[in-house]
Amino acid sequence: MPASLPSLGSSFFDDIANQSLADIGFAISHALFKGEIPKLALEELTHQAFPFETPVVELEEGRLGILELFHGPSLAFKDVGARYMAALMSYFARNTDKEVNILVATSGDTGGAVAMGFHNVPGIRVSILYPSGRVSDLQEKQLTTLGGNVQAFEVQGSFDDCQALVKQAFVDKELNQHLSLSSANSINIFRLIPQSFYYVSAYGQVRSCGKPVVFSTPSGNFGNLSAGVLAQRMGLPIDHFVAATNLNRVVPTYLQTGSFDPQASVATISNAMDVGNPSNFVRLTHLFGDSFDQLKQNVSGYYFDDEETRAGMKEVFGQFNYVACPHTAIGILGLQRYLNSITKDAVGVALATAHPSKFKPLVEEVIGQSIDVPERLASLASLPKHSTVIPASYSAFKESLLQTAL
Ligand SMILES: *Cc1c(COP(=O)(O)O)cnc(C)c1O
């Protein structure tokens with residue numbers, strides 16, 4: 001966590017209605033990193049990281065909006081963190097002749113965002129480990145078709161095997177003498193900080209209605225929700241948060257009972273949120289001064305099973321003609337439940353974490369209609385896959401890594 005957070009002041013928030021995500025990102029980064037990175041370089045790298053926007057689509061005026069976070073290259077919100085981190089790392093690596101090697105294990109979405117975020121970034125090489133046969137076809141294409149500085153290791157094992165290989169590499173003294181290794185997983189604070197920018201952008205887009213603003217975040221590891229709280233700590237006047245989950249409900253349960261009880265994860269149709277022991281939970285509680293009462297006053301938790309999720313997707317489509325991915329539907333359901341439970345008039349913003357076409361077969365089955373796949377995803381289907389197949393053995397991984405990286 002940053003040792004201290006800048007206070008942005010109310011005049012900052014008066015001024016954001018027409019600013020781009022990149023402008024907002026630059027202003028906040030400047031307040032955070034004053035002196036560490038020259039202003040011009042910082043401006044350039046934030047604009048490089050965010051060539052897209054995060055628009056709020058209003059479903060009900062002054063009542064319910066959807067913050068679309070899927071307009072980046074991999075069509076999920078993880079692009080925001082991955083691209084910002086890539087831009088910063090390449091800045092700090094600019095004067096070293098030793099390449100930085102990013103190692104990342106993925107069960108699906110993270111790998112695509114990281115691969116695309118770091119693709120062609122000078123001074124950086126990316127090795128992505130994924131479990132063979134256990135990611136969707138399009139997810140695999142996102143990892144294996146880029147080439148260049150991105151190498152995909154197709155591991156004959158599970159996601160846990162991939163993660164174990166990465167962890168072992170980080171503590172391998174010999175390997176670390178040869179390679180400069182770094183991680184890009186979601187506990188890295190540089191993936192979290194930029195996610196606060198879109199809460200600010202969304203606030204700027206809805207503030208003219210003059211009502212208190214509530215955000216609902218579909219959550220797994222709770223990085224995304226923690227980033228919202230980070231924005232609140234920097235002064236963004238967020239009235240309340242909704243933590244919406246699937247059956248992996250340790251945080252909603254905690255909010256109800258006060259006892260945090262990690263579980264083995266349960267498989268659901270909103271699989272990017274199948275997390276039984278959220279790695280950002282400690283950050284979330286820390287941001288509320290480790291006070292359960294503070295957390296409870298600011299965050300309400302709701303969870304939904306697969307049947308409710310499907311019904312939610314169907315209803316959102318029927319009522320608003322809006323197609324939501326299963327994760328997004330859970331955010332909307334949580335928001336509606338919270339808004340119906342309070343007496344004051346508030347505007348709710350639900351975060352849309354992925355484009356529905358990333359879950360095309362499921363979405364089409366639920367809404368009973370075919371949906372379009374954006375060109376940048378569709379075009380991947382015909383590209384050839386390049387992966388290095390390895391057994392789930394550390395010596396095989398190390399040998400292969402050294403061979404390609406040196
Ligand atoms: C990663 C992911 C989530 C969960 O985000 P956290 O920051 O881990 O809580 C939700 N939806 C989608 C589509 C994701 O890829």
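Start by selecting Thr 268: its side chain reaches the backbone nitrogen of Ser 270 at 3.1 Å. Keep in mind throughout the tour that this is a predicted model.

**Stop 1: around Thr 268**

Stay on Thr 268 and bring up Asp 274 as well. The side chains of these two residues are joined by a polar contact of 2.7 Å. Now colour the secondary structure, and you will find Thr 268 in the loop between helix H12 (250-257) and helix H13 (281-287). Is Thr 268 buried or exposed? It counts as buried, because its relative accessibility is 11% and the cut-off for buried is under 20%. To see what surrounds Thr 268, show Asn 246, Leu 247, Asn 248, Asp 274 and Asp 306, which it touches when residues up to four places away in sequence are not counted.

**Stop 2: the ligand**

Next, select the ligand and show the residues around it. There are 15 of them, and the closest are Lys 78, Gly 220, Asn 221, Phe 222 and Thr 353. Colour this shell by class and you should get 6 nonpolar, 7 polar and 2 charged residues.

Which backbone atoms should you look for beside the oxygen atoms of the ligand? Begin with Asn 221, where a polar backbone atom is 2.8 Å from a ligand oxygen. Move to Phe 222, which has a polar backbone atom 2.9 Å from an oxygen atom of the ligand. Then add Asn 224, with a backbone N or O atom lying 2.9 Å from a ligand oxygen. Switch on a surface here: on its own the ligand has 390 Å² of accessible area, and the protein covers 95% of that.

**Stop 3: Lys 78**

From the ligand, step to Lys 78, one of the closest residues in the shell. An unreviewed UniProt entry places the feature "modified residue: N6-(pyridoxal phosphate)lysine" at this position. Lys 78 sits in helix H4 (residues 78-92). With 15% relative accessibility, Lys 78 counts as buried. Leaving aside neighbours within four places in sequence, show its contacts: Asp 109, Thr 110, Ala 113 and Arg 191.

**Stop 4: helix H5**

Asp 109, Thr 110 and Ala 113 are also among the buried residues of H5, so select that whole helix, residues 109-118. How many of the residues of H5 are buried? The count is 10 of 10. To see what they pack against, show H4, strand S3 (100-105), strand S4 (124-131), helix H6 (137-144), strand S5 (150-156) and helix H9 (189-192). After H5, look for Asn 120, which has a positive phi, near 65°.

**Stop 5: Phe 118**

Now pick out Phe 118 in H5. Its relative accessible area is 0%, so Phe 118 is buried. Beyond its neighbours within four places in sequence, Phe 118 is in contact with Ala 82, Met 85, Ala 86, Met 89, Ile 102, Ile 124, Val 126, Asn 149 and Ala 184. Try a distance between C-alpha atoms too: Phe 118 and Ser 90 are 28 residues apart along the chain, and their C-alpha atoms are separated by 8.9 Å.

**Last stop: the annotated domain**

Finally, zoom out and select residues 54-350. UniProt, in an unreviewed entry, places the feature "domain: Tryptophan synthase beta chain-like PALP" there. The span is 44% helix and 20% strand, and its end C-alpha atoms lie 12 Å apart.

Definitions and conventions: Residues are numbered from 1 along each chain as its sequence is written. This is a predicted model: local features need pLDDT of at least 70, side-chain atom pairs count only at pLDDT 80 or more; totals for chains, interfaces and linings use all residues. Side-chain values use heavy atoms; hydrogens and water are left out. A residue is near a molecule or strand if one of its heavy atoms lies within 4 Å of it. A polar contact is a pair of N or O atoms within 3.5 Å; within protein, one must be able to donate a hydrogen and the other to accept it, and residues adjacent in sequence count only if both atoms are side-chain atoms. Accessible areas come from the Shrake-Rupley method with a 1.4 Å probe; for residues, only the protein chains shown count as cover. Ala, Val, Leu, Ile, Met, Phe, Trp, Tyr, Cys and Pro count as nonpolar, Asp, Glu, Lys and Arg as charged, and the others, Gly among them, as polar. UniProt positions are given in the numbering used here, feature names are shortened, and annotations may be inferred rather than shown by experiment. Helices (H or I, at least four residues) and strands (E, at least two) are DSSP runs, numbered from the N terminus. Buried means under 20% relative accessible area, exposed over 50%, partly exposed in between (1.4 Å probe, protein chains only). Contact means heavy atoms within 4.5 Å.
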